[in-house]
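Colleague: I'd like to learn how to read side-chain features in a model like this one. Could you take me through a few?

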Amino acid sequence: MTYYSVLDVTPTAQDWVEDYVGSANRLVAHYGGKYLARTSSHERLEGEGENAALRIVIEWPSRQAAVDFMNDSEYVPLLAKRTAGSVSNHFLIEAKDELA
């Protein structure tokens, strides 16, 4: 079953970004993930609140692939740097329609 990571990220520091992007790209691919969007070009169509600087959508071949990526020993320190240097939210969404 396909899963999607949907993130909003607003950096509060820039020192982590360069090292993070290259390594994260490689690890996402290693676990079968595919970036569908990584962009600052987004607009709110509904709701209120702070707008994130970046929106990221990653397609995963399975929930396990996403979890394995998050728990990878090379990714864990990168995640720590990202969370320390940004305001981030990450949602893992199963590709199913429960309202159909």
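Modeller: Sure. Let's begin with polar contacts: the term means a pair of N or O atoms within 3.5 Å, where, within protein, one must be able to donate a hydrogen and the other to accept it. Keep in mind that this is a predicted model. Here, the side chains of Ser88 and Ser86 are joined by a polar contact of 2.6 Å.

Colleague: Which other side chain does Ser88 make a polar contact with?

Modeller: That of Arg82, at 3.0 Å. Ser86 also goes for Arg82, but there its side chain reaches the backbone oxygen, at 2.6 Å.

Colleague: Where do Ser86 and Ser88 lie, and are they buried or exposed?

Modeller: Ser86 lies in strand S4, and so does Ser88. For burial, the cut-off to remember is 20% relative accessible area: under that, a residue is buried. Ser86 has 8%, so Ser86 is buried. Ser88 has 22%, so Ser88 counts as partly exposed.

Colleague: What is Ser88 in contact with, leaving aside its neighbours within four places in sequence?

Modeller: Asp8, Val9 and Arg82. Asp8 is 80 residues away along the chain, yet the C-alpha atoms of Ser88 and Asp8 are separated by 5.6 Å. With the same neighbours left aside, Ser86 is in contact with Val9, Thr10, Pro11, Thr12 and Trp16.

Colleague: Now a helix. How do I read which side is buried?

Modeller: The general idea is that an α-helix has 3.6 residues a turn, so residues three or four places apart point the same way. In helix H3 (residues 75-84), the buried residues are Tyr75, Leu78, Leu79 and Arg82. They cover an arc of only 100 degrees around the axis, so they sit on the same side of H3.

Colleague: What covers the buried residues of H3?

Modeller: The cover includes strand S1 (3-11), helix H1 (17-30), helix H2 (63-71) and strand S4 (86-94).

Colleague: And the aromatic rings? How many pairs are there?

Modeller: Four aromatic pairs. Trp60 and Phe69 form a tilted one, 5.2 Å centre to centre with 35 degrees between the planes. For Phe69 and Tyr75, the ring centres are 4.2 Å apart and the planes are at 35 degrees, so that pair is tilted as well. Trp60 and Phe69 are buried, and Tyr75 is buried too.

Colleague: Which residues form the aromatic cluster?

Modeller: Trp16, Tyr20, Trp60, Phe69 and Tyr75 form one cluster. You've met Trp16 already, as a contact of Ser86.

Technical notes: Residues numbered from 1 in each chain as written. Predicted model: local features only at pLDDT ≥ 70, side-chain atom pairs only at ≥ 80, totals over all residues. Heavy atoms only, no water. Phe/Tyr/Trp six-rings, centres within 6.5 Å; stacked < 30°, edge-to-face > 60°. Buried < 20%, exposed > 50% of the residue type's maximum accessible area, 1.4 Å probe, protein only. Helix = DSSP H or I, 4+ residues; strand = E, 2+ residues; numbered from the N terminus. Arc of directions from axis to C-beta. Contact = heavy atoms within 4.5 Å.
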